[in-house]
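Work through the exercises below with the model open. Each task is followed by a stepwise solution.

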Amino acid sequence: MFNRENTASPGRVRWQDEAVLMLLGFAVLALLPLVVSDSYSRHILIMAFIYAIIASNWDLSLGYGGVFNFGHLALFGIGVYTYGLLTKFLGLDPWLALAASGVISTFAAILVTLPILRLKGIYIILVTFGFAQLVMQLVLSQSDITGGTQGMVRIEGLYIPGHNLIRDQKFGYFYIALGVLLLSTIFLRVLVRSKVGASIIALRDNEEYAVSRGISLARQRVITLAASAFFTGVAGAFYAAYQRNASVDVFGMSLSTIILSMVLLGGTSTIYGAIIASFVLTIFSESMADFGAWRPIITAVLIIAVMLVYPSGLAGAAQTIFRSLGRLRGNGAGASAEASEPRTSR
């Protein structure tokens with residue numbers, strides 16, 4: 001009998017193989033603290049984990065959904081300030097505040113989705129960008145509780161019973177951040193491989209045809225933005241707990257540009273590409289710290305060079321390399337088989 005579950009579409013990796021490769025990749029990351037022992041290097045990796053969560057979730061709405069949601073970083077900022085307010089003023093347990101921040105960010109995403117259900121192109125960009133500015137102005141106007149331009153300080157950090165997260169050389173925060181990234185990646189990959197993910201992609205590729213086949217544009221757009229918001233909000237809460245402060249800089253264009261660069265450099269509609277690009281850009285940018293004002297210029301040149309050679313980003317470059325290796329192996333196997341085949345006289 002033909003077993004559909006054990007086959008994969010042409011060019012698509014089976015989910016079993018993908019799961020094994022993903023777990024192997026995260027296992028390698030989990031071993032890094034054994035090699036990287038200084039707190040500064042671990043800090044860089046923790047920030048890369050945070051950026052990877054934001055970028056990969058943005059890729060869900062921007063890459064797979066085709067929704068130009070420029071309010072995505074506002075969801076991260078909402079997570080930052082929600083965690084700060086819940087722990088600092090309401091005294092909520094930090095772990096509960098972490099989950100609640102993701103929920104609040106999800107509700108905010110649903111709220112911003114309502115005005116753009118029937119919009120397209122530049123109008124979605126304007127509405128979502130306006131939403132981000134509205135959230136920032138709200139934070140600034142409520143300076144009595146948010147700190148305004150001064151931000152919030154002495155925010156409650158996370159805790160592990162019987163372990164000191166402050167004096168462990170960032171060992172605990174490293175694994176918490178890695179765990180959140182793992183959960184986020186599993187969630188995103190399961191979603192995009194599901195029927196819901198297929199309908200999201202169908203709407204992106206041919207909206208009129210997808211709607212004619214019974215796919216609801218409004219429902220799928222809400223699902224797309226809401227699904228991309230939860231772990232973004234959790235990442236914001238973790239950022240606030242890790243840095244122990246909150247600032248309106250999280251709503252700025254600088255951070256938005258960095259995260260968007262990671263999505264584009266990694267390759268849209270991949271999830272993994274955004275994660276890989278987050279590590280590449282974070283580590284590369286830190287290694288260029290001695291170049292001062294030239295650092296962003298060098299980083300920009302790197303991004304442009306990669307995009308010119310591989311328009312599909314780092315994910316496309318990796319696919320090209322794997323295909324080339326596959327052809328070489330195929331040619332080598334064919335040549336070996338031909339050499340070992342006995343010659344027959346005509």
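**Exercise 1.** Which residues have the most contacts inside the largest nonpolar core, and how many residues does this core have?

Solution. The model is a predicted one.
- Step 1: Count the members; the largest nonpolar core has 85 residues.
- Step 2: Rank them by contacts inside the core; F76, Y81, F238, F251 and I259 have the most.
- Step 3: Look for the main contributor; helix α3, residues 39-64, gives the most to this core, with 15 residues.

**Exercise 2.** List the contacts of F238, leaving aside its neighbours within four places in sequence.

Solution.
- Step 1: Apply the cut-off for a contact, heavy atoms within 4.5 Å.
- Step 2: Read off the partners of F238, which are I46, I50, L98, L158, Y173, I176 and A177.

**Exercise 3.** Describe the fold content of the chain and judge its compactness by the globule rule.

Solution.
- Step 1: Assign secondary structure; the chain has 16 helices and two strands.
- Step 2: Compare the radius of gyration, 23 Å, with the 20 Å that the globule rule gives for 346 residues; the two are close, so the chain is as compact as a globular protein of that length.
- Step 3: Take the box along the principal axes; the C-alpha atoms fill roughly 95 × 55 × 45 Å.
- Step 4: Consider contacts with a separation of 6 or more; residues 24 or more positions apart account for 76% of them.

**Exercise 4.** What share of the accessible surface belongs to carbon and sulfur atoms?

Solution.
- Step 1: Take the total, about 18,600 Å² for the chain.
- Step 2: Assign it by atom type; 65% belongs to carbon and sulfur.
- Step 3: Add the burial figure; 43% of the 346 residues count as buried.

Notes. Residues numbered from 1 in each chain as written. Predicted model: local features only at pLDDT ≥ 70, side-chain atom pairs only at ≥ 80, totals over all residues. Heavy atoms only, no water. Helix = DSSP H or I, 4+ residues; strand = E, 2+ residues; numbered from the N terminus. Rg over C-alpha atoms; globule rule 2.2 N^0.38 Å. Buried < 20%, exposed > 50% of the residue type's maximum accessible area, 1.4 Å probe, protein only. Areas by Shrake-Rupley, 256 points an atom, 1.4 Å probe, with all protein chains shown as cover. Core = buried A, V, L, I, M, F, W, Y, C linked by side-chain atoms within 4.5 Å.
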